[in-house]
Structure formats: C-alpha cells, structure tokens
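Student: Before we look at anything, could you show me how to read a model like this, feature by feature? I would like the general idea each time and then the case at hand.

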Amino acid sequence: QAQFAESGGDLVQAGGSLRLSCAASGFTFRNYAMSWYRQAPEKERELVATITSTNSMTSYADGVKGRFTISRDNAKNTVYLQMNNLEPTDTAIYYCNTLTAKSDSGASWGQGTQVIVSS
C-alpha cells in the first residue's frame with residue numbers, strides 16, 4: 001500500500017518561504033507522476049502542482065504559478081515543494097500523492113503537513 005510522509009510545514013509570515021518534503025513508499029515511485037495537494041479549512045482538497053515521472057514537465061494551479069516549484073528525487077523516492085512569497089490564502093494542510101489519486105476515491109493519503117501564513 002502506498003504511504004506518504006509529508007514534512008516541512010510551519011507558521012510563516014506573508015512573503016516568507018517554506019520547502020515541503022514528502023517521502024513516498026509502497027509503490028514504484030519513479031513510474032508515477034507526483035502531485036502536491038492542499039486542503040484549506042472548510043474547503044475541498046485541491047491540486048496544487050504536478051511533476052511527471054521523469055522530471056520533464058511540471059504544472060501548477062493558477063494561484064501558485066511563479067511562486068511554487070515542484071521537484072523530485074527518484075533515487076530518494078521524495079518529492080519537494082518550494083514555496084516562495086507565501087500569502088495568507090496558502091494556509092492549508094499540504095499532502096503529496098500520485099496524480100491519479102485525484103480521481104481515486106480509494107487512494108491512501110498521508111497525514112499532511114500544516115502550513116499557516118500570517119498576514
């Protein structure tokens with residue numbers, strides 16, 4: 001079963017930066033496009049960023065383009081999210097998972113990592 005261990009969340013002031021990490025296990029990491037998702041209070045989980053299995057392409061939600069950068073290290077089964085110029089609206093619990101988890105009601109999820117951005 002796929003497992004994810006997210007870390008790096010913190011309380012930060014607006015304009016600050018954080019780097020999130022996610023260690024994945026239980027599946028062949030290098031074969032999957034990986035994504036970061038987030039869920040703000042009283043909102044549904046949303047897709048934030050995606051990177052293909054071979055690092056060749058990335059994509060971002062409109063609200064984070066130019067501020068967030070997703071990357072991965074297939075040798076370490078780890079995906080990262082560099083977040084710069086953080087805004088209060090970025091406050092959420094951040095999760096990593098495969099891109100396919102977006103449409104898989106049976107997907108397993110980690111506990112996530114909390115990001116709080118103060119104004």
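Tutor: Let us begin with a single loop residue: glutamate 42 lies in the loop between E4 and E5, in what is, please keep in mind, a predicted model. Its backbone has a positive phi of about 65 degrees, although the residue is not a glycine.

Student: Is glutamate 42 buried or exposed?

Tutor: The general idea is a pair of cut-offs on relative accessible area, where under 20% is buried, over 50% is exposed and the range in between is partly exposed. Glutamate 42 has a relative accessibility of 86%, and therefore counts as exposed. Asparagine 85 is another non-glycine residue with a positive phi, here about 50 degrees, and it is found in the loop between E8 and E9. Because its relative accessibility is 44%, asparagine 85 counts as partly exposed.

Student: How many helices and strands does the chain have?

Tutor: The chain has zero helices and 10 strands, so that the order of elements from the N terminus reads β-β-β-β-β-β-β-β-β-β.

Student: What radius of gyration does the chain have, and what would a compact globule have?

Tutor: The general idea is to set the value for the chain beside the one expected from its number of residues. For 119 residues a compact globule would have a radius of gyration near 14 Å, and the chain, with 13 Å, agrees with that. The C-alpha trace spans about 40 × 30 × 25 Å along its principal axes, and 40% of the 119 residues count as buried. Among contacts with a separation of 6 or more, residues 24 or more positions apart account for 54%. The chain exposes about 6,500 Å², of which carbon and sulfur atoms supply 45%.

Student: Which residues have the most contacts inside the largest nonpolar core?

Tutor: A nonpolar core is read as a set of buried nonpolar residues joined through their side-chain atoms. Here the largest such core has 26 residues, and those with the most contacts inside it are Trp36, Phe68, Val79, Leu81, Met83 and Tyr94. Two or more residues come from each of E3, E4, E5, E7, E8, E9 and E10, and the largest share, four residues, is that of E3. To see the surroundings of one core member, take phenylalanine 68: leaving aside residues up to four places away in sequence, it touches Arg38, Val48, Tyr60, Leu81, Gln82, Met83, Asn84, Leu86, Asp90 and Tyr94.

Student: How many aromatic pairs are there, and why is the pair of phenylalanine 4 and phenylalanine 27 called tilted?

Tutor: Rings pair when their centres lie within 6.5 Å, and the angle between planes then sets the class, with under 30 degrees stacked, over 60 edge-to-face and the rest tilted. By this rule there are five aromatic pairs. The rings of phenylalanine 4 and phenylalanine 27 have centres 5.7 Å apart and planes at 50 degrees, so this pair is tilted. Phenylalanine 4 belongs to strand E1 and phenylalanine 27 to the loop between E3 and E4, so the pair links distant parts of the chain, 23 residues apart. Both of these phenylalanines are buried. Tyrosine 95 and tryptophan 109 form an edge-to-face pair, with 5.9 Å between centres and 85 degrees between planes; tyrosine 95 is in strand E9, tryptophan 109 in the loop between E9 and E10, and 14 residues separate them. Tyrosine 95, at 9% relative accessibility, counts as buried, whereas tryptophan 109, at 27%, counts as partly exposed. Ring pairs also link Phe4, Phe27, Phe29 and Tyr32 into a cluster.

Student: Which charged end sits over the ring of tryptophan 109?

Tutor: For such cases one asks how far the charged end lies from the ring centre and how it stands to the ring normal. The charged end of arginine 45 sits over the ring of tryptophan 109, 3.7 Å from its centre, and that of arginine 19 sits over the ring of tyrosine 80, at 4.0 Å from the centre.

Student: How far apart are the C-alpha atoms of threonine 54 and arginine 72?

Tutor: Separation along the chain and separation in space are best read together. The C-alpha atoms of threonine 54 and arginine 72, 18 residues apart along the chain, are separated by 9.0 Å, whereas those of glycine 63 and asparagine 77, 14 residues apart, are separated by 27 Å. Threonine 54 is in the loop between E5 and E6, and is exposed, with a relative accessible area of 57%. Glycine 63 is in the loop between E6 and E7, and at 49% relative accessibility it counts as partly exposed.

Terms used. Residues numbered from 1 in each chain as written. Predicted model: local features only at pLDDT ≥ 70, side-chain atom pairs only at ≥ 80, totals over all residues. Heavy atoms only, no water. Phe/Tyr/Trp six-rings, centres within 6.5 Å; stacked < 30°, edge-to-face > 60°. Buried < 20%, exposed > 50% of the residue type's maximum accessible area, 1.4 Å probe, protein only. Lys NZ or Arg CZ within 6 Å of the ring centre and 35° of its normal. Core = buried A, V, L, I, M, F, W, Y, C linked by side-chain atoms within 4.5 Å. Contact = heavy atoms within 4.5 Å. Rg over C-alpha atoms; globule rule 2.2 N^0.38 Å. Areas by Shrake-Rupley, 256 points an atom, 1.4 Å probe, with all protein chains shown as cover.
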